[in-house]
Amino acid sequence: HRWALFRSLVTSLLEHERIETTEAKAKEVRGFTDRMITLGKEGTLPARRQALAFIRSKDVVSKLFTDVAPRFKDRPGGYTRMVKTRRRIGDAAKLVAIELVARPEIAPAKKQVPAAPASTSPATG
C-alpha cells in the first residue's frame, strides 16, 4: 500500500505539476520525484523503462521525458518545492503544496478593450 501511494502521488505530481498533500507524504515523495526527473534527463531507453516500472502511466512518462525533464537540463538537483498551506480541519494535519520548481509560464490573459457602447434604439412593441 505504501509503494502504491508513492507511485500515485508521483504520477499526480508529474501530471499536474502541483499537488496538495500532508507534509510527511510530501517529504517522502520528493525523493522519488527527483529520481524520476533525473531519469527523464538521461533520456535513454533503459531510463524510460525504469520510469515506466515506477510510474505505470505511459502518458505521464511521455510528458516527463518530452516536457518536464528538458526544463531542468541545466539544474543539478532540487526539482521540487514545498510550500506550507494550511492545517486540515478534520485531523489538524499539516498540509503542503508540493510543486515543480520550473513550471511552464502561463501567458497572462490579454485584457480585452471594452467595445464602444452601441446606440440602443427604443424598443418597439
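Q: What makes a residue of this predicted model count as buried or exposed?
A: A residue is buried under 20% relative accessible area and exposed over 50%, with partly exposed in between.

Q: Why does Arg49 of helix H3 count as buried, partly exposed or exposed?
A: The relative accessibility of Arg49 is 57%. The cut-off for exposed is over 50%, and Arg49 therefore counts as exposed. Along the chain, Arg49 and Leu39 are 10 residues apart, and their C-alpha atoms are separated by 9.5 Å.

Q: Why does Thr80 of strand S2 count as buried?
A: Thr80 has 12% relative accessibility, and buried means under 20%, so Thr80 counts as buried.

Q: Which residues does Thr80 touch, leaving aside those up to four places away in sequence?
A: Thr80 touches Leu13, Arg30, Thr33, Asp34, Ile98, Glu99, Leu100 and Val101. Two of these, Thr33 and Asp34, are themselves listed as buried in helix H2.

Q: How do you know that the span of H2 is close to the expected one?
A: Helix H2, residues 23-42, has 20 residues and reaches 29 Å from its first C-alpha to its last. At 1.5 Å a residue, 28 Å is expected, and the span is close to that value. H2 also bends, by about 30 degrees, at Val29. After H2 comes Gly43, with a positive phi near 75 degrees.

Q: What covers the buried residues of H2?
A: The cover includes helices H1 (2-16), H3 (45-55) and H4 (58-71), together with strands S1 (18-22), S2 (80-87) and S3 (94-100). Among the buried residues of H2 are Ala26, Val29, Met36, Ile37 and Leu39.

Q: Why are H2 and H3 called roughly antiparallel?
A: The axes of H2 and H3 cross at roughly 150 degrees and come within 8 Å. Angles over 145 degrees count as roughly antiparallel, and H2 and H3 are therefore roughly antiparallel to each other. Their crossing is left-handed. Phe32, Arg35, Met36, Leu39 and Glu42 of H2 meet Ala47, Gln50, Ala51, Phe54 and Ile55 of H3.

Q: At what angle do H1 and H2 cross, and which residues make the contact?
A: The axes of H1 and H2 cross at roughly 65 degrees and come within 9 Å. The residues in contact include Trp3, Phe6, Leu9 and Leu13 of H1, and Val29, Phe32, Thr33 and Met36 of H2. The crossing of H1 past H2 is right-handed.

Notes. Residues numbered from 1 in each chain as written. Predicted model: local features only at pLDDT ≥ 70, side-chain atom pairs only at ≥ 80, totals over all residues. Heavy atoms only, no water. Helix = DSSP H or I, 4+ residues; strand = E, 2+ residues; numbered from the N terminus. Expected span 1.5 Å × (residues − 1). Bend = angle between axes of the 7 residues up to and from the residue. Buried < 20%, exposed > 50% of the residue type's maximum accessible area, 1.4 Å probe, protein only. Contact = heavy atoms within 4.5 Å. Axes fitted to C-alpha atoms, helices over the stretch in contact; angles between N-to-C directions. Parallel < 35°, antiparallel > 145°, perpendicular 65-115°, else oblique. Left-handed = near helix turned anticlockwise from the far one by under 90°.
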